[in-house]
Amino acid sequence: MFRVHVIDKFNKDRYADQLEQQFRLRHDIYIGERGWMDIARADGREIDQFDNDDAIYLLGITSAGEVVGGSRLVPSLKPHLMSEVFPNLAPGGVPRGKGIYEWTRIFVAPALRTPSRPALAAGLIYCGIQEYCVQSQIENLSIVCETYWIDRLASLGWKPQLLGPVYSHQGSDIVGLISDTNTSALNATRGFYGIGKPVLQDIAGEQAILEHQHTEQKSAAARR
Ligand code: COA
């Protein structure tokens with residue numbers, strides 16, 4: 001279906017097109033579909049102060065270079081959504097540490113969702129997150145989310161723990177969570193979706209997709 005690509009400040013220039021696709025798809029989904037009007041932007045890109053050089057994106061990218069899903073991790077030692085906007089969700093202290101990253105902006109393109117049952121596309125992103133955390137010595141994710149996610153993450157074999165009370169925010173009940181990332185959660189998530197192999201793109205595959213895309217763009221330009 002797709003591989004999950006890790007994009008950070010070191011390789012973001014090679015993924016400029018995909019990062020742009022991501023911001024536009026996020027706008028379509030979070031504003032157009034979810035109706036989160038407080039983050040709407042006239043330029044049609046959903047982008048906030050945490051989309052900076054500290055952000056690490058895990059994007060589901062097809063072999064044709066199309067972004068169809070993704071998520072974002074931000075180091076908890078840097079400013080992040082929970083520390084800057086929702087510290088009240090963690091009254092005992094916002095979790096911070098080298099091995100703690102904040103997880104935000106999980107999405108899958110509507111065409112890849114499967115109503116009434118969990119979408120494999122979402123499973124690939126969840127596995128990509130766990131794989132990346134295991135290989136990067138990230139041990140915990142902090143999360144600002146709707147209460148829906150407490151049971152949803154538990155069903156995947158993650159171990160979310162509440163950091164504080166439930167707050168009502170623009171019509172939704174939201175909470176702060178902390179969850180473990182480790183091989184046990186990775187294996188449980190793989191088992192839930194029947195995913196048997198790693199989903200993260202390796203460097204060779206990354207080059208192949210970007211070269212394919214470059215060739216397509218050159219051919220399209222030559223045809224014009
Ligand atoms: N509250 C209530 N219901 C929710 C929900 C929420 N916050 N998020 C999802 N659901 C619903 C879904 O609409 C779906 O309903 P359906 O089967 O009747 O269509 C059902 O719960 C199953 O959802 P789930 O199994 O969790 O979906 P998924 O794992 O296949 O995909 C997402 C999950 C988040 C990737 C996908 O729903 C998506 O891209 N949503 C838009 C982006 C978003 O809201 N992200 C979360 C906040 S950052």
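1. The ligand is surrounded by 20 residues, a residue counting if one of its heavy atoms lies within 4 Å. R34, S116, A119, E146 and Y148 are the closest of them. The model is predicted: local features need pLDDT of at least 70 and side-chain atom pairs count only at pLDDT 80 or more, whereas totals for chains, interfaces and linings use all residues. Residues are numbered from 1 along each chain as its sequence is written, and side-chain values use heavy atoms, with hydrogens and water left out.

2. Polar contacts (pairs of N or O atoms within 3.5 Å) link the ligand to the backbone. A ligand oxygen lies 2.7 Å from a polar backbone atom of A119, and an oxygen atom of the ligand is 2.9 Å from one of V108. A nitrogen atom of the ligand is placed 2.8 Å from a polar backbone atom of I106. On its own the ligand has 900 Å² of accessible area, and the protein covers 70% of this (Shrake-Rupley method, 1.4 Å probe).

3. The ligand occupies the largest pocket, where a molecule sits in a pocket if more than half of its atoms lie within 2 Å of its grid points. A pocket is an open set of points on a 1 Å grid over the protein atoms alone, where a 1.4 Å probe fits, with protein on both sides within 12 Å along at least five of seven lines; lining residues have an atom within 4 Å of a point.

4. Two or more residues of the shell around the ligand come from each of α1 (16–33), β4 (100–108), α3 (120–135) and α4 (148–155); helices have at least four residues and strands at least two, as DSSP runs. β4 gives the most, with four residues. By class, the shell holds 14 nonpolar, one polar and five charged residues, with Gly counted as polar.

5. The largest pocket contains about 1,200 Å³ of space and has a lining of 41 residues, with Y30, R34, W36, E146 and W149 nearest its centre. Its lining draws two or more residues from each of α1, β4, α3, β5 (140–146), α4 and β8 (172–180). The largest share, six residues, belongs to β4. The lining comprises 24 nonpolar, eight polar and nine charged residues.

6. For the second largest pocket, the volume is about 160 Å³. Its lining consists of D8, K9, F10, D53, D54, A55, I56, P75 and K78, which divide into four nonpolar, no polar and five charged residues.

Definitions and conventions:
A polar contact is a pair of N or O atoms within 3.5 Å; within protein, one must be able to donate a hydrogen and the other to accept it, and residues adjacent in sequence count only if both atoms are side-chain atoms. Grid points are joined across faces, edges and corners, and a volume is the space filled by probe spheres set on the points.
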